[in-house]
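Hi,

Here is the structure I promised to pass on. Have a look at it first, and my notes follow underneath.

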Amino acid sequence: MKFQRIQDLRTDADLSQRELSEILHISQRSYSHYETGSRNIPVEMLIRLANYYEISLDYLVGRTDNKKMAK
């Protein structure tokens, strides 16, 4: 499953894959696999991404179009 939203969020933030992978403390290659969908994203990584972008997990995985996190 390709996660287009993580690529869109990254490009909207003007970050390269390398820059974001350094922020997440993973290799650029691992991050690239997540964007292309060639590797499943671990829940821990989804949480890190949601926290970094301050968005909901549901938005990140395409279950809603609402970016806001529940309070």
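Let me start with Glu35, since there is a fair bit to say about it. Leaving out the neighbours within four places in sequence, Glu35 is in contact with Lys2, Phe3, Ile6, Gln7, Arg10 and Gln17. One of these, Arg10, is also its partner in a polar contact: the two side chains come to 2.5 Å. Glu35 itself sits in helix α3, which covers residues 28-36. Is Glu35 buried or exposed? It counts as buried, because its relative accessibility is 2%, and the cut-off for buried is under 20%.

Before going further, please keep in mind that this is a predicted model, so read everything here as computed from that prediction.

Now for the overall picture. The chain has five helices and zero strands, so from the N terminus on the elements simply read α-α-α-α-α. The radius of gyration is 11 Å, close to the 11 Å that the globule rule gives for 71 residues, so the chain is as compact as a globular protein of that length. If you want a feel for the dimensions, the C-alpha trace spans about 30 × 25 × 20 Å along its principal axes. Of the 71 residues, 34% count as buried. The accessible surface of the chain comes to about 4800 Å², with 47% of that belonging to carbon and sulfur atoms. As for contacts with a separation of 6 or more, 45% of them are between residues 24 or more positions apart.

Next, the charged pairs. How many salt bridges does a search of the whole structure find? It finds four, and here are some notes on pairs among them.

- Asp65 and Arg5: their side chains meet in a salt bridge at 2.5 Å, N to O. Asp65 lies in the segment after α5 (57-60) and Arg5 in helix α1 (residues 4-12), so this pair ties together parts that are 60 residues apart in sequence. Asp65 is exposed, with a relative accessible area of 65%.
- Glu44 and Arg48: this salt bridge is 2.6 Å, N to O. Both residues lie in helix α4, four residues apart, which is about one turn of the helix. Glu44 counts as exposed because its relative accessibility is 52%, while Arg48, at 30%, counts as partly exposed.
- Asp58 and Arg63: here the closest N and O atoms of the salt bridge are 3.3 Å apart. Asp58 is partly exposed, with a relative accessible area of 36%, and Arg63 is exposed, at 66%.

One last residue from helix α4. Ile47 is found in that helix, which runs over residues 43-53. Why does Ile47 count as partly exposed? Its relative accessibility is 38%, and partly exposed is the class between under 20% and over 50%. I also looked at how Ile47 is placed relative to Gly62: the two are 15 residues apart in sequence, and their C-alpha atoms are 14 Å apart in space.

If you open the model with these notes beside you, I would begin at Glu35 and its contacts with residues including Lys2 and Gln17, then go on to the pair of Asp65 and Arg5, and finish in helix α4 with Glu44 and Arg48.

Cheers

Methods:
Residues are numbered from 1 along each chain as its sequence is written. This is a predicted model: local features need pLDDT of at least 70, side-chain atom pairs count only at pLDDT 80 or more; totals for chains, interfaces and linings use all residues. Side-chain values use heavy atoms; hydrogens and water are left out. Helices (H or I, at least four residues) and strands (E, at least two) are DSSP runs, numbered from the N terminus. Buried means under 20% relative accessible area, exposed over 50%, partly exposed in between (1.4 Å probe, protein chains only). A polar contact is a pair of N or O atoms within 3.5 Å; within protein, one must be able to donate a hydrogen and the other to accept it, and residues adjacent in sequence count only if both atoms are side-chain atoms. Contact means heavy atoms within 4.5 Å. The radius of gyration is taken over C-alpha atoms; the globule rule is 2.2 Å times the number of residues to the power 0.38. Accessible areas come from the Shrake-Rupley method with a 1.4 Å probe; for residues, only the protein chains shown count as cover.
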